[in-house]
Amino acid sequence: GPTIALRQRKKPKSSENKESAKEENIKDTPIPERAPKHVLFQRFAKFFIGCLAAVTSGMMYALYLSAYHERKFWFSNRQELEREITFQGDSAIYYSYYKDMLKAPSFERGVYELTHNNRTVSLKTINAVQQMSLYPELIASVLYQATGGNEIIEPVYFYIGIVFGLQGIYVTALFVTSWLMSGTWLAGMLTVAWFIINRVDTTRIEYSIPLRENWALPYFACQVAALTGYLKSNLNTYAERFCYLLMSASTYTFMMMWEYSHYLLFLQAISLFLLDSFSLEQSDKVYGILKVYISYLFLGYLLQFENPALLVSPLLSLVAALMLAKCLQLNVKKGTFVAKMIKVMNFYLVCTLTVTFNIVVKMFVPHKENGHMLKFLEVKFGLNMTKNFTMNWLLCQESLQAPSQDFFLRLTQSSLLPFYVLVLIICFLSMMQVIFRRINGKSVKETVTLKDGQIGGRPEIIYHVIYTILLGSLAMVIEGLKYLWTPYVCMLAAFGVCSPELWMTLFKWLRLRTVHPILLALILSMAVPTIIGFSLWKEFFPRLMTELSELQEFYDPDTVELMTWIKRQAPIAAVFAGSPQLMGAIKLCTGWMVTSLPLYNDDDLLKRNENIYQIYSKRSAEDIYKILTSYKANYLIVEDAICNEVGTMRGCRVKDLLDIANGHVVCEEGDKLAYSKYGRFCHEVKINYSPYVNYFTRVYWNRSYFVYKINTVISFQS
């Protein structure tokens, strides 16, 4: 009898035994009791107040941006031409195509004219939608006409209103992310406060509204919020599906809005790969996200006119390598020597496959995109030296240099940087502690509680720590990336000081015994952010109110006079040559054709910019004439600000860079000018003597600009 019973218990192979075992387990499992009504009401009230605070924060920030923009430019009291002049550089190009779409007889005709555009740059037909990522302008024009906006609001207000609204969504998404990580909406409020106070370093919305990043980053923030929720361990099925769908939609939209989006997603994929390596129970979720990447990369490739930049992107190579490494691990029997070796060499295998895939794809896919970026990085890190004007000009741009001390000082004055460093150190050390435990084979709880004091054991925390370190490392090299990193700093710092788990982790390390650590952690997670909030309110809120009360004025009469003269006096078929930044304004304000544009993702346009900039070099009138006529230019505009530039950075003036590129300066002898039989063209052409008057005739000038008509019939003599 006992022997038979023992054998039956050892041998649960039949289906009947399995079903009976399941029934016993179901019976043995205690049914979770429903929470009392007052607890459910508290949860609902907390959720409702948090959502209300998140939406209100976003709306208030959007209204603040609108009010500040109105005060800064006195926008409503300006004429249309003066409003358009406020769009500088490449921002002017983006808005000009929005205007072109509104003028088109139909949406289809407008899209065709943008994809086969030969009315912007002389002697060049471009696909403006692909080259400049004009999907935001297409969407804005459709919405403006579909909603009957032409009867309610002016086009410029509708355009900037959408961008300001997206910035409100940006802030709301950061709020939600910090809330999800900390468990309290107080962290979201602190995130928004730090974001607005440090807005000089968190966003460029005040200076260039139509920039691609201002359209794209709100969607990326939504993607990060959805990803944070998706990675949480204690998530129910419906919430997990919602987060996955939201993450998928925002990933695709982000990819379509910005040509450099796949680089940010590449960093995200690296973070997820490391998360998978450190947190094995998240493997299925991580590879679900990788499927989203690879699906939308190919979909984006098709809808972006077969954009080769997506196929040769490092993101696609990394995702393909991770998928292949996953298949190798699954197809090898677990526990074998080969399986153990593949697991140990997983990191090396993925890196090798990523580089191999990228090289192979570039061999078969013709691409020219962003080739200058690699050359720039080589010069930036001292791997190469060059006298090339374009490379040196890019190196001199403030956004492409290392962050200044003022940047760190501003973050410290607002108390953001100290708390961020504290939170990052605690989370990183806790993460490393959990990783070492897993490497040593010690069991780790799947669900981390407050009493455990292991903030680094949560998958979403591991992901954010890795990602902020990767992004911060790049921001320490290139200052322009601070607009991607600093919002992350605001979110992570606010989460940390408002999280009882972080304080509990610290107390567990300190072995605090005098006071109950859980109680103290709960108190500090409320008290510290409250103190920070009151100090920020006292110091910075009056400044924000002062900015809104001060009525500033954007005054640029010389540019207004120049644009007015072009619209009244220049022939419709005329082509203008000058600095790329000014050409963007001319394209927007007048609609006339130009020789170059302030865009840096096309080799031909970069070469054009360098050639046109020769008007500020020490070249002969004949050389400049040949350059301009090769691009069919009819008018030349010389800017006094560039010709007589007094640069703050040594050797970074346009004319200095041209002298280096043309061999007109000897760097070894202390920037001593070498002999040249020609003077600087922009100075010489103003004197009106031969041979300059034979090639160029001055037709208009003011304090800032000199316009010359390029003569058509000239006989060259050697």
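Buried means under 20% relative accessible area, exposed means over 50%, and partly exposed lies in between. Keep these cut-offs at hand. The model is predicted.

**Exercise 1. Classify Ser415 and describe its backbone.**

Task: Is Ser415 buried or exposed? What is the sign of its phi?

Solution.
- Step 1. Locate the residue. Ser415 sits in the loop between helix H22 (405-413) and H23.
- Step 2. Apply the cut-off. Ser415 has 18% relative accessibility, so it counts as buried.
- Step 3. Check the backbone. Phi of Ser415 is positive, about 65°, although the residue is not a glycine.
- Step 4. Recall the general rule. Most residues other than glycine have a negative phi.

**Exercise 2. Repeat the analysis for Trp74.**

Task: Where does Trp74 lie, and which class of accessibility does it belong to?

Solution.
- Step 1. Trp74 is in the loop between helix H3 (37-73) and helix H4 (80-85).
- Step 2. Its relative accessibility is 32%, so Trp74 counts as partly exposed.
- Step 3. Trp74 is not a glycine, yet its phi is positive, at about 50°.

**Exercise 3. Find a cis peptide bond.**

Task: Which residues does the cis peptide bond join?

Solution.
- Step 1. Look at omega. For the bond between Ser690 and Pro691, omega is about 5°, and the bond is cis.
- Step 2. Set this against the general rule. Most peptide bonds are trans.
- Step 3. Place the proline. Pro691 belongs to the loop between helix H34 (681-684) and helix H35 (692-695).

**Exercise 4. Study helix H30.**

Task: Why is helix H30 described as largely enclosed by the rest of the structure?

Solution.
- Step 1. Count the buried residues. Helix H30 covers residues 603-612, and seven of these 10 are buried, so the helix is largely enclosed by the rest of the structure.
- Step 2. Name them. They are Leu605, Leu606, Arg608, Asn609, Glu610, Asn611 and Ile612.
- Step 3. Inspect the N-terminal end. Asp602 caps it, with a side-chain oxygen 3.0 Å from the backbone nitrogen of Asp604.
- Step 4. Test Asp604 itself. Its relative accessible area is 34%, so Asp604 is partly exposed.

**Exercise 5. Follow the salt bridges.**

Task: How many salt bridges does a search of the whole structure find? Which residue forms a salt bridge with Asp604?

Solution.
- Step 1. Start with the total. The search finds 26 salt bridges.
- Step 2. Take the Asp604 pair. Asp604 bridges to Lys124, with the closest N and O atoms 3.1 Å apart.
- Step 3. Compare positions along the chain. Asp604 is in helix H30, and Lys124 is in the loop between helix H6 (107-115) and helix H7 (128-132). The two are 480 residues apart, so this pair links distant parts of the chain.- Step 4. Classify Lys124. It has a relative accessible area of 17%, so Lys124 is buried.
- Step 5. Widen the view. Lys124, Asp602, Asp604 and Arg608 are linked in a network of salt bridges.
- Step 6. Try another pair. Glu213 and Arg204 form a salt bridge, and their closest N and O atoms are 2.4 Å apart. Glu213 is buried at 9% relative accessibility, whereas Arg204 is partly exposed at 24%.
- Step 7. Finish with Arg653 and Asp656. Their closest N and O atoms are 2.7 Å apart in a salt bridge. Arg653 is partly exposed at 25%, and Asp656 is buried at 18%.

**Exercise 6. Map the nonpolar patch.**

Task: Which helix gives the most to the nonpolar patch?

Solution.
- Step 1. List the members. Val421, Ile425, Phe428, Leu429, Ile469 and Trp509 form the patch on the surface.
- Step 2. Note the area. Together they have about 470 Å² of accessible area.
- Step 3. Assign the helix. H23 (residues 416-439) gives the most, with four residues.
- Step 4. Pick one member. Phe428 is in helix H23, and its relative accessibility of 32% makes it partly exposed.
- Step 5. Recall helix geometry. An α-helix has 3.6 residues a turn, so residues three or four places apart point the same way.

**Exercise 7. Explore the largest cavity.**

Task: How many cavities of 30 Å³ or more are there? Which elements give two or more residues to the lining of the largest cavity?

Solution.
- Step 1. Count. There are five cavities of 30 Å³ or more.
- Step 2. Size the largest cavity. Its space is about 120 Å³.
- Step 3. Read the lining. Among its residues are Tyr170, Leu217, Phe220, Leu264, Pro487 and Met491.
- Step 4. Name the elements. Helix H9 (155-182), helix H12 (212-231) and helix H25 (482-498) give two or more residues to the lining.

Conventions
Residues are numbered from 1 along each chain as its sequence is written. This is a predicted model: local features need pLDDT of at least 70, side-chain atom pairs count only at pLDDT 80 or more; totals for chains, interfaces and linings use all residues. Side-chain values use heavy atoms; hydrogens and water are left out. Patches are made of residues with over 30% relative accessible area and no salt bridge: like charges are joined within 9 Å, nonpolar side chains (Val, Leu, Ile, Met, Phe, Trp, Tyr) within 5 Å. Accessible areas come from the Shrake-Rupley method with a 1.4 Å probe; for residues, only the protein chains shown count as cover. A salt bridge is a side-chain nitrogen of Lys or Arg within 4 Å of a carboxyl oxygen of Asp or Glu. Buried means under 20% relative accessible area, exposed over 50%, partly exposed in between (1.4 Å probe, protein chains only). A polar contact is a pair of N or O atoms within 3.5 Å; within protein, one must be able to donate a hydrogen and the other to accept it, and residues adjacent in sequence count only if both atoms are side-chain atoms. On a 1 Å grid over the protein atoms alone, a cavity is a set of points where a 1.4 Å probe fits but cannot get out, and a pocket is an open set with protein on both sides within 12 Å along at least five of seven lines; lining residues have an atom within 4 Å of a point. Grid points are joined across faces, edges and corners, and a volume is the space filled by probe spheres set on the points.
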